[in-house]
Amino acid sequence: MDGSEDVEETWRRLGAYAYLSVPERLEYVAIMRVFCGTLLADLAVPDVLAKLGGADADTLTGRLEQLVKWGNLLRSSHSVKASSITEYQRSRSRYQLSKLGERVQRDVDEVLAGADAAREVSSELPALVERGLRELDERVGRPDVDPQELLERVSTLFVQFTEFADSVRDFYAYLGQVLARYDLDGAEYQGFKDLLLDYVEAITDEVTFRAPRIAAVLDRLWPRIPGMLERLDAHARGLSVLPEARVQRSRGRELADWEGLRGWFADVDGQGSQVDQLRDAALRAMRSLLANAKRMLRSASGEMSRRKDLLRLARWFDEAAPEDAHDIAVAAFGLYGARHLGVAPGEDVVPASTSWWTGPVVEVPVALRERGSRAQRGRAAAVEDHSAQKRRLREAARERAAARRAAADELRSVSGRFAEVPLTSAALGLLLELLATAMGNARPRRDGGALDLEGAWSEDAELGVRLAVRYRAGARTTLRSADGDLLLDDLELDVAGVAAVEVGT
């Protein structure tokens, strides 16, 4: 399928969840449960009415037709036998459950039944997975082994692994939900402390112990897995014989299933294994427990979370009659009704007539919002010490001054011999700096037809160096350096020393 077909197929499948977000969701869930309670049965409106009870036939018909549009139900092709026209009109439309609708409703019932429950982790399953892999490793290379025995062992192995992986994922999701709370009292904290120190530690230790052993067996078994899967396919093709049908194979019959098993216990892509994530999750859980312990220690000074009290107050508001809700608001917040007129509020004051729903929000500190703590965290910052930085700056200034003095000494020593002695980069840079200043100071004038540069000189009193520039037609001064040669036409340069002036740094 191309990209557009993939998008259309995705929208079609997601449409099967639409009945869970409409206002009549409870009625739709009850209808879907009626159909999920039967196997390969098509039901008409009277059949569904008999199971639901108290529903209206016309309304139910509309609900069933809508479920057909969403893809949760299918129209049945069975013929209708009726003894009267009235019975035919009621029974002519029969419906049956679609594969997608059954899967969605099964997930819905599972979520509603135990979404918030703590799921136990069977810590003995990793040992069974290791044993199953070892037995499979011993038999997969033997030509006389029964393919049916291999198939049974593979199926058993992946049932155990899938159950263990799902239970670990569900348990840690529940644990994270609980530890995110910052209103645990003493009894709850003690219970979860025992849970972390005993139950979580036992799971982590068992998985950490078994993971290298399972990874080692998988490494030995891995080169023979493709041949084993081909042998199993030749023995039991299952639903793969259906023409042009998408078949979801049993776990363990595809190479991707084995890659998932291997990636759970070993780091095969450099991103870490699921065992590594399990250890990290246990560490994060311990940190969350310590955060709750710190909060409980601060509660002695009255700095404890009021989440439970606020939830209890919200429940009172929800259950109270309108007149009682006003009394609760007065008692809880002191918000009496307006009994006087006042002046217009300023720009920063919210009028009393502004509703809480539309009024500006109050900025809640992060510590209070996330940790339930009103205590000031951290300490006042000390005055920053810049002495080391000042020392570095002074040393750098001294080095730059020494380099410039060395460049000035070099210029004085090679004055008149620029074409013979190459200059260093520092000396050339200083010479060009003096030349630019001298040419800026020059005042050109003609004396009897000859050009003269009056005032064409510059000096650096700190370095004790002076540069004089003279114009002479036809002269050529060559400045050689490591950075290249510079030719000055009609100019002569003369570098001389002057009395240096000491300047403190």
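Confidence in the protein chain is lowest in helix α5 (residues 85-91), with a mean of 56, and highest in helix α2 (residues 25-36), at 88. Those scores are pLDDT, the predictor's confidence in each residue on a scale from 0 to 100. Over the protein chain the average is 77, and 76% of the residues score at least 70. What you have here is a predicted model, where local features need pLDDT of at least 70, side-chain atom pairs count only at pLDDT 80 or more, and totals for chains, interfaces and linings use all residues. Residues are numbered from 1 along each chain as its sequence is written, and side-chain values use heavy atoms, with hydrogens and water left out.

Now for the parts list. The protein chain has 17 helices and eight strands; both are DSSP runs numbered from the N terminus, with helices being H or I over at least four residues and strands being E over at least two. Of its 505 residues, 28% count as buried, meaning under 20% relative accessible area, while exposed is over 50% and partly exposed lies in between (1.4 Å probe, protein chains only). Contact means heavy atoms within 4.5 Å. Among contacts between residues at least 6 apart in sequence, 64% join residues at least 24 apart.

Let's look at the strands. Strands of a sheet pair through backbone hydrogen bonds, either parallel or antiparallel. Two strands are called a pair here if DSSP finds at least two bridges between them. One open sheet has three strands in the order β1-β3-β2, with antiparallel pairing. Its edge strands are β1 (43-44) and β2 (73-75), each of which pairs on one side only. Two bridges join β1 to β3, and Ala 44 has Arg 94 in β3 as its bridge partner. On the other side, β2 and β3 (residues 94-97) pair over three bridges. Here Leu 73 stands opposite Leu 97, and Leu 74 stands opposite Gln 96.

Further along the chain, strand β7 (residues 465-481) and strand β8 (residues 484-497) pair in the antiparallel sense over 13 bridges. The two form a hairpin with two residues between them. Leu 479 has Leu 486 in β8 as its bridge partner. Ser 481 belongs to β7 and, at 11% relative accessibility, counts as buried. Its side chain reaches the backbone oxygen of Gly 484 at 3.0 Å. Setting aside residues up to four places away in sequence, Ser 481 touches Leu 423 and Leu 428. Over in β8 you'll find Asp 490, whose phi is near 65°, a positive value in a residue other than glycine. Asp 490 counts as partly exposed because its relative accessibility is 26%.

Next come the aromatic rings. Rings of Phe, Tyr and Trp (its six-membered ring) pair if their centres lie within 6.5 Å; planes under 30 degrees apart count as stacked, over 60 as edge-to-face and the rest as tilted. By this rule there are six aromatic pairs. One of them is Phe 161 with Trp 264, an edge-to-face pair at 6.3 Å centre to centre and 90° between the planes. This pair links distant parts of the chain: Phe 161 is in helix α8 (residues 147-179) and Trp 264 is in helix α11 (residues 255-265), 103 residues apart. Phe 161 counts as buried at 6% relative accessibility, and so does Trp 264 at 8%. Together with Phe 164 and Phe 265, Phe 161 and Trp 264 form one aromatic cluster.

Some rings have a charge for company instead. A charge sits over a ring if NZ of Lys or CZ of Arg is within 6 Å of the ring centre and within 35 degrees of the ring normal. The charged end of Arg 262 sits over the ring of Trp 222, 4.6 Å from its centre. Arg 466 does likewise with Trp 457, its charged end lying 4.1 Å from the ring centre.

Where does Asp 137 sit? Asp 137 is in helix α7 (residues 125-139) and counts as buried, at 13% relative accessibility. A polar contact of 3.3 Å joins its side chain to that of Arg 220. Such a contact is a pair of N or O atoms within 3.5 Å; within protein, one must be able to donate a hydrogen and the other to accept it, and residues adjacent in sequence count only if both atoms are side-chain atoms. Leaving out residues up to four places away in sequence, Asp 137 touches Val 217, Arg 220, Leu 221 and Arg 224.
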